[in-house]
Every structure is written in structure tokens, then in C-alpha cells.
Amino acid sequence: LPLIISGLAGMINEFFDRLAIKFFYEVPADVADSTSYIRSILGIYGANTKIAVLMTLFIQCFRYAADPFFFSQKGTPGFNPMFALVNKYLLVFGLFIFLAIMGYIDIIKHFISANYWEALNIVPLLLLGHLFVGLVYLQSFWYKLSNKTHYGIYIFVIGSVITILMDVLFVPVYGYIVCAWANVICYAVMLVITFLWGRKYLPCDYDFKGIALFSAMAAVCYIAMQFTDGLGLILKLSVNTLILCLFVYIVFKTEKL
């Protein structure tokens, strides 16, 4: 029952953004047909969320494998170190997908109509939000394994409140980009809360140094990719490929893989 309730709260985090745009988006005064205008905004926002689905597919594949694996490994020697390692590599793979999508966004964007490209600036935010979803899911195993699933209700309700407040208060002012930011902030807060509460029930020796290094490197790589915008398409993609390869090289070199 607690997992069902927390799941319903999670649904709010995933779908309230559409409702916020529909009911709270500020329609310009010179627009005659407000209904059609809102529909077009929903179309623009929804089309760009489809690009972020690439991250969601990765997280979903991970979840299908993680559930039976972790429950079968519960209580075995070495579970905690293994759990910490999986957390780190989930982050690394997620960051790689983030950089790959953003590095080749000039190709990937053609999967949606050019009429929707004006909202491509929300794609990196949505990708981060979906990556945080995966990390929250992984961290949530502590209350599942310890049979304290009621904590999931508190965590997801907190996330839902953040989502609702941000969307209701700021969508009328700043538009649909608030929905993307709410997605990131909501799951980032949930991740921190889940991690802190979980330290008591599932203490792990996380490689914080490695996590910080890979996160910082991914941020540097993403920023570097922004400076390739003025280049021609072929040159831009070539440089972004080198940047992506550099990230992979650092991961392999650091992890001695």
C-alpha cells in the first residue's frame, strides 16, 4: 500500500507539468484563440519531452534488471559495496547518455518537427531530471529491503509539493521552462532526502571522490559542447565526438577498466 501511494505521488511529478501549462500558462493579450494557443504550447513542450525519453528508456531497462537482482542479493556478503558501485556506474552511464544526446542534438532534433525546436533548451533539464529519477529509484531500495516502505510516501509527497508549488507559482511568469526546472529540482531534493535517510538502514562506502570527478567532468564536457555551436555541422559533431570520447577515456582511466 505505501508503494502504491508513493507511486501515485510520483505520477504527479511526471504529469502535473501538462496540467500546469494547460491551466496556468499566461496567454498573450493579442491572442484571439487561447485554446489553440495552449494546445500549441503543449505540443511544443510534449515534443521535446520525447527526446528526453531516450534517458527514460535507459532507466526503465535498468529498473527491470535491478528489482530481481537486488532482492535476490539481499543479505549476501559484499552487498553494500556492490550497491555503492552500482550507484556510481548508473550515474556514469546516465551522464554518458546525457552528453551523447546533447552532443548530437543537431541530428536527434530531426526526430521532431522543426516547429518545435524553439523549446530544445528544456531538453538538458529533462534529461537530468530523468537521470535523477533513476538515482532516486536506486536509492529507494533501502526502505524496500528494510520493509519501511512508508518512507517512500514522505519522500514522494515532498517531491509532489515542490512540483506543484513551482509550476503553479512560476509557470504563469516564466512559461514551460519552469516545468523542466521543477522536474530537476524535485528529483534532486528527493535524491538528497532518500540518500540521507538511507544511510542509517543501508550504509555504504560510496566513492564520493569518483562521483564528484565524473559529475564535474560531465559538466565541463557539456559546457565545452556549447562553444561548438558556431562551427559547421560536421566540424561541430566531430569536436563533440572527441569531447564524448574524452569523457569515456577519463572514466576508463580512473576506474582502471
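Lys-236 touches Asp-106, Thr-228, Asp-229 and Leu-231 in this predicted model, leaving aside residues up to four places away in sequence. This lysine is found in helix α10, which covers residues 233–255. Is Lys-236 buried or exposed? Its relative accessibility is 9%, so Lys-236 counts as buried.

Now to the helices at the other end of the numbering. Two packed helices are described by the angle between their axes and the distance between the axes. Helix α1 (residues 2–24) packs with helix α2 (residues 34–73) at an angle of about 155 degrees, and their axes lie 9 Å apart. Angles over 145 degrees count as roughly antiparallel, and α1 and α2 are therefore roughly antiparallel to each other. Their crossing is right-handed. On the α1 side, the contact is made by Asp-17, Arg-18, Ile-21 and Lys-22, while α2 brings Ile-38, Ile-41, Leu-42, Tyr-45 and Thr-49. Sorted by character, the residues of this contact are five nonpolar, one polar and three charged.

If you are wondering about cysteines, how many disulfides does the count come to? The count is zero. Cys-186 is in no disulfide, and the nearest cysteine sulfur belongs to Cys-179. For Cys-245, the closest cysteine sulfur is in Cys-221, too far for a bond because the two sulfurs are 10 Å apart, whereas a disulfide needs them within 2.5 Å. The table sets Cys-186 and Cys-245 side by side.

| Cysteine | Nearest cysteine sulfur | Relative accessibility |
|---|---|---|
| Cys-186 | Cys-179, 12 Å | 0%, buried |
| Cys-245 | Cys-221, 10 Å | 46%, partly exposed |

Note on methods: Residues are numbered from 1 along each chain as its sequence is written. This is a predicted model: local features need pLDDT of at least 70, side-chain atom pairs count only at pLDDT 80 or more; totals for chains, interfaces and linings use all residues. Side-chain values use heavy atoms; hydrogens and water are left out. Axes are lines fitted to C-alpha atoms, for helices over the stretch in contact, and angles run from 0 to 180 degrees between N-to-C directions. Helices (H or I, at least four residues) and strands (E, at least two) are DSSP runs, numbered from the N terminus. Angles under 35 degrees count as roughly parallel, over 145 as roughly antiparallel, 65 to 115 as roughly perpendicular and the rest as oblique. A crossing is left-handed if the near helix is turned anticlockwise from the far one by less than a right angle, and right-handed if clockwise. Contact means heavy atoms within 4.5 Å. Ala, Val, Leu, Ile, Met, Phe, Trp, Tyr, Cys and Pro count as nonpolar, Asp, Glu, Lys and Arg as charged, and the others, Gly among them, as polar. Buried means under 20% relative accessible area, exposed over 50%, partly exposed in between (1.4 Å probe, protein chains only).
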